[in-house]
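Q: I'm new to reading protein models, and I'd like a close look at one spot where two helices meet. Could you walk me through that part slowly, and then show me how it sits in its surroundings?

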There are 2 protein chains.
Amino acid sequence: MIRTGFQAAARLGHRRALPGGPRIPPGLSSTSAFGYSVDSRVSRFCLQKTELKDYALPNASWCPDMLSLYQEFLEKTKTDDWVKIPSFKSNKDHIRGLKLPFELAVTSADTEDTRLFTRGFQADGQGFEYVIFFHVSQKKAVCLFQPGPYLEGTPGFAHGGSLSTMVDETFSKIAYLVGEGLVTLSLNIRFKNLIPLGSLAVMNIDVEKIEDQKIHLCCVIQSRDQQTVYVKSSGVFLRLPLEEGLSP
Amino acid sequence: MIRTGFQAAARLGHRRALPGGPRIPPGLSSTSAFGYSVDSRVSRFCLQKTELKDYALPNASWCPDMLSLYQEFLEKTKTDDWVKIPSFKSNKDHIRGLKLPFELAVTSADTEDTRLFTRGFQADGQGFEYVIFFHVSQKKAVCLFQPGPYLEGTPGFAHGGSLSTMVDETFSKIAYLVGEGLVTLSLNIRFKNLIPLGSLAVMNIDVEKIEDQKIHLCCVIQSRDQQTVYVKSSGVFLRLPLEEGLSP
């Protein structure tokens, strides 16, 4: 989840948060700086050459269903308008070359070994295995997700919190790419069926509406054959621009 | 999250899930077997003597704020109607001595080293540090939560998914204790401010309504001084009884 702009909103919120949402710094027009196209955000975000480890690559833990669907989508990136979104250890790696919207406090965590929550489990297959494909012109995405044994809720099945996490994480990446949506304002999750640990769940994410200040998204998580719906969800993100320049 | 009854609902759902919610097995009246009192559920759930490791105990990673508030609530358990809820590695440990509602399929995960999602990070302080206190007669709870550096979203702050996870996890424990609420039907999360990694967040959970089939809960997450609201949320759980007898 990229919510760097919200850091500042959070700091202002320590003085007093506005009812109904985070405080926006005075004088900042949320629409004033969305000058980049989706294409330019994609090319910046989806680094083709980097020394960073991309966690969204197949490993020995992936089930055959996940591997084969991954290959299908990878083929589509060659001829269609799909791109594979890389996944790094931290959102700091994703916003390289961009400056956070506001002057930010240095937190104690800045010096620690932090990890993006969805990449926090280090052994392959233990936690979140996933890869996101984004269709640039249609502004939609597919995420292939395989919950590992450390994401358990009901014995044998993925915890509802892990599904909410995947929804928030995929929403945040897509919200950024389509319109610099950086801050999760709300999530609504409806659980329909449990997802067995180790199996493939397919997430279809759509952008419902892009407003001046907000982006509305929705997501359905289901089995590959679409016979079982696991989760239906929606979310709203606040748009806040990143700027050219190095992050602090 | 305890959602054992939902396992069967999930299996039935593979045939076809009902619109708007999980399928309830035919002939099961959700109110037919809620014969236990809250007290009896608490005494069974909060094992006083067990060889199981309780993860809801202080360790060196806890910040001073978390430690001092923990001690305050621990004092209250001696004279007031508060109880400390233990936290084991798996929900299988929590439902010992009880039988799951329906015949359950053996999943491949049953033989794996699985972990409750919120206890999946093994080193103290890396992931979710939390402890839940429950007020038996007032049916409310407080959870002290300290997000570790592996729960990062925005650099330096807790991922929205980790907050949704804590909401689901605390809701599920309370929903079970007050009325055998086992299955998360929906969660609604509104984010107000970011929570710095390593700091204390205090969650106040209330039971809003107990219906024949559903339990409605709400939660506010805020700073200890109550000056900063981080999250407001609500959730609905389906009631399904566990039965006497050993789980398969």
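A: Sure, let's start with the helix pair. Keep in mind that this is a predicted model. In chain A, helix 2 (residues 38-45) packs against helix 5 (residues 160-179), with an angle of about 130° between them and their axes 7 Å apart. What do we call a crossing like that? Helix 2 of chain A counts as oblique to helix 5 of chain A, because an angle of about 130° falls outside the roughly perpendicular range of 65 to 115 degrees and isn't over 145, where roughly antiparallel begins.

Now zoom in on who is touching whom. From helix 2 of chain A, the contact uses Val38(A), Arg41(A), Val42(A) and Phe45(A). Helix 5 of chain A brings Lys173(A), Tyr176(A), Leu177(A), Val178(A) and Gly179(A). Sort the residues in this contact by class and you get six nonpolar, one polar and two charged.

Let's follow the chain onward from there. The UniProt record, an unreviewed entry, has an annotation "domain: Thioesterase" that covers residues 156-228 of chain A. Over that stretch, the chain is 27% helix and 41% strand, and the C-alpha atoms at its two ends are 17 Å apart.

One residue worth finding on your screen is Arg224(A), in the loop between strand 7 (214-222) and strand 8 (229-239) of chain A. Its salt-bridge partner is Glu72(A), and the closest N and O atoms of the two are 3.1 Å apart. Glu72(A) belongs to helix 3 (residues 64-79) of chain A, so this pair links distant parts of the chain, 152 residues apart. Are these two buried or exposed? Arg224(A) is partly exposed, with a relative accessible area of 30%, and Glu72(A) also counts as partly exposed, at 40%. There's a third member here too: Asp65(A), Glu72(A) and Arg224(A) are linked in a network of salt bridges.

Hop over to chain B and look up Arg224(B). This residue forms a salt bridge with Asp65(B), where the closest N and O atoms are 3.3 Å apart. Arg224(B) sits in the loop between strand 7 (214-222) and strand 8 (229-239) of chain B, while Asp65(B) is in helix 3 (residues 64-79) of chain B, so the bridge ties together parts 159 residues apart in sequence. Arg224(B) counts as partly exposed at 30% relative accessibility, and Asp65(B) is partly exposed at 37%.

For a local kind of link, try Glu75(B) and Lys78(B), a salt bridge with its closest N and O atoms 2.9 Å apart. They're three residues apart in helix 3 of chain B, which means about one helical turn separates them. Glu75(B) is partly exposed at 46%, whereas Lys78(B), at 60%, counts as exposed. In the whole structure, a search turns up 16 salt bridges over all chains.

Finally, zoom out to chain A as a whole. Your helix pair belongs to a chain with five helices and nine strands, and along the sequence they run α-α-α-β-α-β-β-β-α-β-β-β-β-β. Of its 248 residues, 60% count as buried. And if you take the contacts in chain A between residues at least 6 apart in sequence, 73% of them join residues at least 24 apart.

Note on methods: Residues numbered from 1 in each chain as written. Chains lettered and ligands numbered in written order. Predicted model: local features only at pLDDT ≥ 70, side-chain atom pairs only at ≥ 80, totals over all residues. Heavy atoms only, no water. Axes fitted to C-alpha atoms, helices over the stretch in contact; angles between N-to-C directions. Helix = DSSP H or I, 4+ residues; strand = E, 2+ residues; numbered from the N terminus. Parallel < 35°, antiparallel > 145°, perpendicular 65-115°, else oblique. Contact = heavy atoms within 4.5 Å. Nonpolar A, V, L, I, M, F, W, Y, C, P; charged D, E, K, R; others polar. UniProt positions renumbered as here; feature names shortened; annotations may be inferred. Salt bridge = Lys/Arg side-chain N within 4 Å of Asp/Glu carboxyl O. Buried < 20%, exposed > 50% of the residue type's maximum accessible area, 1.4 Å probe, protein only.
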